[in-house]
Amino acid sequence: MRIFGAVTLFLLVNSVVVEGFSFSSPQTRPSVRNQIGPYEARTTLKAASLASDEEKCTIQILMSDTGGGHRASANALRDALDTLHPGKIECDIVDIYTDYGPFWPVNSYVPIYKIMAEYSFLWKWFYEFGETPYGLWLNDFLLETFCFNAFRNCIERPSGSTNKRADMVISVHPLCQSLPLKILTSLDSNNKSRDVGRTTPFATVVTDLGGAHATWFNPGADKCFVPSDVLYQKALSRDLVSDQLIQYGLPIRRGFWADVGTTTEANTEDSLKGFFKFFAPKEAKTEAQSGRENIRSKLGLIEDVPTVMVVGGGDGMGGIIDQALVLGRTLNEKAIDSGKGYQMVVICGNNENAKKTLEEENWGTGVNAQIKGFVNNMDEYMRASDAIVTKAGPGTIAEASICGLPCLLSSYLPGQEEGNVPFVEESGFGKYCSDPKDIADTVTTWLASPDMLNQMKQNALKAARPSATVDIARDLAEMLFEHKRISSSKA
Ligand code: UDP
């Protein structure tokens, strides 16, 4: 029983192993794409062509909803593939642990992740143990022993509108490499082997940034897409070779691909009543009204007021209640002293308790606070803001950099998100501090200094990789079509 408990705990651990980052210039890294041209030029290349115009291709994307980033990346890749090849590629995105895990805790990684993420010492221990040779072996052994058949059902399931399993499998999760590769090999070799004989293409798209767990890197994968120098090196240290590695950036949703937000979620809510003292309408709008003011107006925000957003990943983690309360009070005091108002948007994600608590707060007349639950238009909120307070989630950091948004990193998950802190600080578009009072003071200083904000904005834009998603999708489609061509020529 005790052994089972330990095993269970270990599985928990590894389930929790998720995100991390560092972009660097992809041109500086040898990659299989280097012969095609530099990073920027790559995005202008024509999409690869299909083996046959009528034929639909299918991709299964394996992930688990541990945090918001994996599904966000999976959706982004699906959208990019559809943009490049409209109607030609069907993506089947599946949370393989929740939907096919045969028993607890394997099928409960999502709620367990939320609990674990609150206890960083436990997380750290599990993360580090899971990276030891014994931890890695144990994880593989347990998954193969208990989940092989269940996960095989997932990988074998009819994909998209076809009645066959997917033509290609992509993993966007650290725990979806080893076992899926064995299952594919077994299927392709007619159950003869779990080690040799795989023909179905398999790619890993790493959705961590400055650090990533060892389970991401499996030399058996055909390609592994990494977003940063740090992870490129880590992949090499895990026995992948440079021919397997491609470095573009992190896959993120469509709204961040272009310069202007493209999502359409309407926000008619306005809670501007009572703020007339600080937020009296301007007499006349200037003709050249900025894009930022337009977005604020669309979101029901005050247009011409320094604005900060507070977020804690998809699950609203990292202590956003305390951070928002102290920041709101500090901004209100500052407004009363200076006679100039502030605006704060708190995006609580799936954290309903945080939303309810913050909605009940009386913020004072110097700060216009808007409290949101999970929003689907993060790109608009980021473009409407002057700075962001966030846990060091890789997705949020990558998105913020594209919007030129200075980042105040308020917490990180040990191991997987730790490396995101130096990425932001060394790139010059933010800093880390965890004390709510320090966070509030730092943000207040930033908002009062347009020059400082502008310098950080320029640095963020330099670190941004807005073309990464489409570049990754283009390469994945090439792999898929190549496989289809070979298969049909053999048939
Ligand atoms: N996010 C969102 N709506 C929300 C809160 C978060 O779409 O209300 C998205 C956010 O834009 C980012 C992802 O959720 O793409 C969070 O990913 P990150 O890697 O930062 O943290 P995680 O939640 O995976 O720990």
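A residue is called buried if 20 or more other C-beta atoms lie within 10 Å of its own, exposed if 12 or fewer do, and partly exposed in between, with the C-beta atoms placed from the backbone. The model on your screen is a predicted one, in which local features need a pLDDT of at least 70 and side-chain atom pairs count only at pLDDT 80 or more, while totals for chains, interfaces and linings use all residues. Residues are numbered from 1 along each chain as its sequence is written.

**The whole chain**

Begin with the whole protein selected, which has 491 residues, 52% of them counted as buried. If you switch to a cartoon view, there are 19 helices and 12 strands to find; helices (H or I, at least four residues) and strands (E, at least two) are DSSP runs, numbered from the N terminus.

Next, colour by pLDDT, the predictor's confidence in each residue, from 0 to 100. The protein averages a pLDDT of 86, and 82% of the residues score at least 70. Select residues 1-46, where the pLDDT is below 50, and where the model nevertheless shows 109 contacts beyond near neighbours in sequence; two residues are in contact if their C-beta atoms, placed from the backbone, lie within 7 Å. Residues 259-289 also have a pLDDT below 50, with 41 contacts in the model beyond near neighbours in sequence.

**The nonpolar core**

Now select Leu77, Ile170, Val310, Met344, Val346, Ile388 and Val443, which touch the most other members of the largest nonpolar core, a set of 134 residues. A nonpolar core is a set of buried Ala, Val, Leu, Ile, Met, Phe, Trp, Tyr and Cys residues joined through C-beta atoms within 7 Å. Helix α19, residues 468-490, gives this core its largest share, 8 residues. At least three core residues come from each of domain 1 (2-257 + 468-490) and domain 2 (269-463), where the domain bounds come from an automatic or database domain assignment.

Stay with Val310 for a moment: which residues is Val310 in contact with, leaving aside its neighbours within four places in sequence? They are Ile320, Gln323, Ala324, Leu327, Met344, Val346 and Val389.

**Around the ligand**

Move on to the ligand, which is surrounded by 19 residues, the closest being Gly67, Gly68, Gly69, Gly313 and Gly393; a residue is near a molecule if its C-beta atom, placed from the backbone, lies within 6 Å of it. By class, this shell has 7 nonpolar, 9 polar and 3 charged residues, where Ala, Val, Leu, Ile, Met, Phe, Trp, Tyr, Cys and Pro count as nonpolar, Asp, Glu, Lys and Arg as charged, and the others, Gly among them, as polar. Both domain 1 and domain 2 supply at least three residues to the shell. The elements that give two or more residues are α3 (69-84) and α15 (394-402), and the largest share, 4 residues, comes from α15.

Select α15 by itself and ask why this helix is largely enclosed by the rest of the structure. It is so because 9 of its 9 residues are buried, namely Pro394, Gly395, Thr396, Ile397, Ala398, Glu399, Ala400, Ser401 and Ile402. Just after α15, look for Gly404, which takes a positive phi of about 65°.

**Single residues worth a stop**

Go to the loop between α4 (96-100) and α5 (109-118), where Pro105 lies, and display the bond between Trp104 and Pro105, which is a cis peptide bond with omega about 10°.

Is Asn190 buried or exposed? Asn190 counts as exposed because it has 8 other C-beta atoms within 10 Å; it sits in the loop between α8 (178-188) and β4 (202-205), and its phi is positive, about 55°, although it is not a glycine. Asp239, in the loop between α9 and β6 (245-247), is another residue that is not a glycine but has a positive phi, here about 80°, and it is exposed, with 11 other C-beta atoms within 10 Å.

In helix α9 (residues 229-237), pick out Val230, which counts as buried because it has 23 C-beta neighbours inside 10 Å. Its C-alpha lies 7.1 Å from that of Gly211, although the two are 19 residues apart in sequence.

End the tour at Ser120 in helix α6 (residues 120-130), which is partly exposed, with 15 other C-beta atoms within 10 Å. Leaving aside its neighbours within four places in sequence, Ser120 is in contact with Leu413 and Pro414. Measure on screen from Ser120 to Gly415, 295 residues apart along the chain, and the C-alpha atoms are separated by 9.7 Å.
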